[in-house]
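Could you walk me through this structure in the viewer? I would like to know what to select next and what is there.

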Amino acid sequence: MAAPRRPSGGGLRRAPQDGRLEEINKEFLCDPKFSDEEDLEEKLAVFKEKYMEFDLNNQGEIDLMSVKRMMEKMGVPKTHLELKKMISEVTGGVSETISYQDFVNVMLGKRSAVLKLVMMFEGKANESNPRPSGPPPERDIASLP
């Protein structure tokens with residue numbers, strides 16, 4: 001079975017990171033703590049793709065600017081203080097960047113973390129609000145706020 005293609009590009013550059021994240025996924029698959037998780041392998045594959053999408057510098061961590069871009073992409077920009085609070089909640093205040101293990105722990109965890117809610121929101125928003133195609137409708141000056 002062929003691996004899914006990433007639309008974001010960077011094929012050779014991403015190969016080492018893909019391997020590292022796959023090793024971490026295997027650790028989660030072998031962890032008895034997550035043995036009752038339904039469709040764990042599929043979830044981990046989705047988490048890996050999302051993580052790689054937001055790890056803009058391919059360093060294996062999501063930093064403040066990456067989280068900022070993610071939030072802006074979803075149409076919910078946040079201040080730097082709000083972003084720092086999100087990262088602190090995910091990492092337990094230990095780091096200023098989100099590692100893949102932290103990311104997966106939050107996504108699989110039972111607690112209601114901000115990042116988990118954001119990712120769920122992004123999924124729901126993408127399926128219920130298809131992006132309009134074509135040029136925007138013409139408006140006259142009277143219709144402006």
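Here is a tour that starts with the whole chain and then moves through helix pairs to single residues.

**Stop 1: the whole chain**

Before you click on anything, keep in mind that this is a predicted model. Colour the protein chain by secondary structure and you should find six helices and two strands. Follow the elements from the N terminus and the order reads α-α-β-α-α-β-α-α.

Next, switch on the surface. The accessible surface of the protein chain comes to about 10100 Å², and carbon and sulfur atoms account for 56% of that area. Of the 145 residues, 31% count as buried. If you display contacts between residues at least 6 apart in sequence, 54% of them join residues at least 24 apart.

**Stop 2: helix 2 against helix 5**

Now select residues 40-54, which form helix 2, together with residues 100-108, which form helix 5. Two packed helices are described by the angle between their axes and the distance between the axes. For this pair the angle is about 130 degrees and the axes are 11 Å apart. Helix 2 and helix 5 are therefore oblique to each other, and their crossing is right-handed.

Which residues make the contact? Show side chains for L40, K43, L44, F47, K48, K50 and Y51 on helix 2. On helix 5, do likewise for Y100, F103, V104, M107 and L108. Colour the contact of helix 2 with helix 5 by residue type, and you get nine nonpolar residues, three charged ones and no polar ones.

**Stop 3: helix 3 against helix 4**

Hide that pair and select residues 64-73 (helix 3) and 80-91 (helix 4). These helices pack at an angle of about 110 degrees, with 10 Å between their axes. Angles from 65 to 115 degrees count as roughly perpendicular, so helix 3 is roughly perpendicular to helix 4.

Helix 3 brings L64, M65, V67, K68 and M71 to the contact, while helix 4 brings H80, L83, K84, M86 and I87. By type, the residues of the contact of helix 3 with helix 4 are seven nonpolar, one polar and two charged.

Stay on helix 4 for a moment and pick E89, which lies in this helix. With a relative accessibility of 25%, E89 counts as partly exposed. Draw a distance from its C-alpha atom to that of V106: the two residues are 17 apart along the chain, and the separation is 9.4 Å.

**Stop 4: D39, in a loop**

Go to the loop between helix 1 (11-30) and helix 2, where D39 is found. What is the phi of D39? It is positive, at about 50 degrees, although D39 is not a glycine. For background, most residues other than glycine have a negative phi. Is D39 buried or exposed? At 53% relative accessibility, D39 counts as exposed.

**Stop 5: S99, in strand 2**

Finish by selecting residues 98-99, which make up strand 2 and include S99. S99 is partly exposed, with a relative accessible area of 25%. Which residues does S99 touch, once neighbours within four places in sequence are left aside? The contacts of S99 are then Y51 and G60.

Take G60 as your last pick: S99 and G60 are 39 residues apart in sequence, yet their C-alpha atoms are 6.4 Å apart in space. As for Y51, you have met this residue already, on the helix 2 side of the contact with helix 5.

How values were computed:
Residues numbered from 1 in each chain as written. Predicted model: local features only at pLDDT ≥ 70, side-chain atom pairs only at ≥ 80, totals over all residues. Heavy atoms only, no water. Axes fitted to C-alpha atoms, helices over the stretch in contact; angles between N-to-C directions. Helix = DSSP H or I, 4+ residues; strand = E, 2+ residues; numbered from the N terminus. Parallel < 35°, antiparallel > 145°, perpendicular 65-115°, else oblique. Left-handed = near helix turned anticlockwise from the far one by under 90°. Contact = heavy atoms within 4.5 Å. Nonpolar A, V, L, I, M, F, W, Y, C, P; charged D, E, K, R; others polar. Buried < 20%, exposed > 50% of the residue type's maximum accessible area, 1.4 Å probe, protein only. Areas by Shrake-Rupley, 256 points an atom, 1.4 Å probe, with all protein chains shown as cover.
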